[in-house]
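Here are my notes on the model you asked me to look over. I've kept them short and numbered so you can check each point against the coordinates.

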Amino acid sequence: MSCSDSRVPVELVFDRGIGDLFVIRTAGNSLDDDMTMGSLEYAVNHLHTKLIIVVGHEKCGGITAAISQHNEGKEPKEISNLIETLRKGVEPFVGKSEKLDDAIHYNVDQQIQKILQNQELKDLIDKGELKVIGGYYHLNDGKVDFLN
């Protein structure tokens with residue numbers, strides 16, 4: 001599970017080829033809709049995925065917009081809705097643009113918590129059949145810090 005940002009080429013980041021990964025990409029790696037959670041369930045139930053990595057990244061534009069208060073009311077409706085959804089996930093950091101990296105890490109953790117609220121996935125985690133971890137991708141050097 002990764003951000004939609006093209007600077008985060010997940011297959012390249014993890015040195016994998018076509019067909020090796022099931023990648024779900026949403027702005028700010030948000031899990032706030034049924035399609036995204038359903039896609040995770042599909043990966044686990046039908047493709048036998050054993051590891052979910054929620055990958056945040058340096059300089060994330062979605063999280064930048066979510067914690068910034070500069071664009072309020074200036075975006076089209078659906079972009080405003082997207083920013084508001086992301087903002088809910090990083091609420092402690094709204095208005096604190098200098099804490100962007102902290103907000104990105106916090107957002108990764110919030111998305112993991114949403115996965116843990118899915119009872120079917122949580123049952124598999126509890127049985128040791130599925131693992132969920134967070135990651136933070138550094139744009140400048142291509143490294144991933146694993147957060148769990």
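**Notes on the predicted model**

1. Let's start with the pocket. The largest pocket comes out at about 410 Å³. Keep in mind that this is a predicted model. The lining is made of 19 residues, and the ones closest to the pocket centre are L21, F22, T49, L51 and I53. If you want a probe-based picture of it, the general idea is simple: rolling a probe the size of a water molecule over the atoms shows where empty space is left.

2. Who supplies that lining? Helix 2 and strand 3 (51–57) each put in at least two residues. Strand 3 gives the most, with four residues. By residue class, the lining of the largest pocket splits into 15 nonpolar, two polar and two charged.

3. I53 deserves its own point, being among the residues closest to the centre of the largest pocket. I53 sits in strand 3. Is I53 buried or exposed? It counts as buried because its relative accessible area is 15%, and the cut-off for buried is under 20%. Leaving out residues up to four places away in sequence, I53 touches M1, F14, I133, G134, G135 and F146. One of these contacts is a long jump along the chain: I53 and I133 are 80 residues apart in sequence, yet their C-alpha atoms are 5.0 Å apart in space.

4. On to the aromatic pairs. Searching the whole structure turns up three of them. F22 and Y42 make a tilted pair, with 5.9 Å between centres and 45 degrees between the planes. This pair links distant parts of the chain, since F22 is in the loop between helix 1 (10–13) and strand 2 (25–26) while Y42 is in helix 2 (residues 34–46), 20 residues apart. F22 is partly exposed, at a relative accessible area of 38%. Y42 is partly exposed as well, at 40%. You'll recognise F22 from the list of residues closest to the centre of the largest pocket.

5. Another of the aromatic pairs is F93 with Y106, and this one is edge-to-face: 5.3 Å centre to centre, 65 degrees between the planes. It too links distant parts of the chain, with F93 in the loop between helix 4 (77–89) and helix 5 (100–116), and Y106 in helix 5, 13 residues apart. F93 is buried, with a relative accessible area of 13%, whereas Y106 counts as partly exposed at 30%.

6. Now the packing. The largest nonpolar core has 15 residues, and the members that touch the most others are L40, I52, V54, I115 and L121. Helix 2, strand 3, helix 5 and helix 6 (119–126) are the elements that give two or more residues to this core. Take L40 as a way in: not counting residues up to four places away in sequence, L40 touches I24, L31, I52, I115 and L121.

7. Apart from that core lies another, of 12 residues, including C60, I63, L86 and A103. L86 is in helix 4 and is buried, with a relative accessible area of 3%. Beyond four places along the sequence, L86 touches A27, G28, S30, G62, I63 and A66. For a sense of distance, the C-alpha atoms of L86 and G142 are separated by 24 Å, with their positions 56 residues apart along the chain.

8. Last, some backbone angles to look at. As background, most residues other than glycine have a negative phi. D15 has a positive phi of about 55 degrees although it is not a glycine. D15 is in the loop between helix 1 and strand 2, and counts as exposed at 67% relative accessibility. H48 also has a positive phi, of about 60 degrees, and is not a glycine either. Where does H48 lie? H48 is in the loop between helix 2 and strand 3, and at 54% relative accessibility H48 counts as exposed.

Notes: Residues numbered from 1 in each chain as written. Predicted model: local features only at pLDDT ≥ 70, side-chain atom pairs only at ≥ 80, totals over all residues. Heavy atoms only, no water. Phe/Tyr/Trp six-rings, centres within 6.5 Å; stacked < 30°, edge-to-face > 60°. Buried < 20%, exposed > 50% of the residue type's maximum accessible area, 1.4 Å probe, protein only. 1 Å grid on protein atoms, 1.4 Å probe; cavity = no way out; pocket = protein on both sides within 12 Å on 5 of 7 lines; lining within 4 Å. Points joined across faces, edges and corners; volume = space filled by probe spheres on them. Nonpolar A, V, L, I, M, F, W, Y, C, P; charged D, E, K, R; others polar. Core = buried A, V, L, I, M, F, W, Y, C linked by side-chain atoms within 4.5 Å. Contact = heavy atoms within 4.5 Å.
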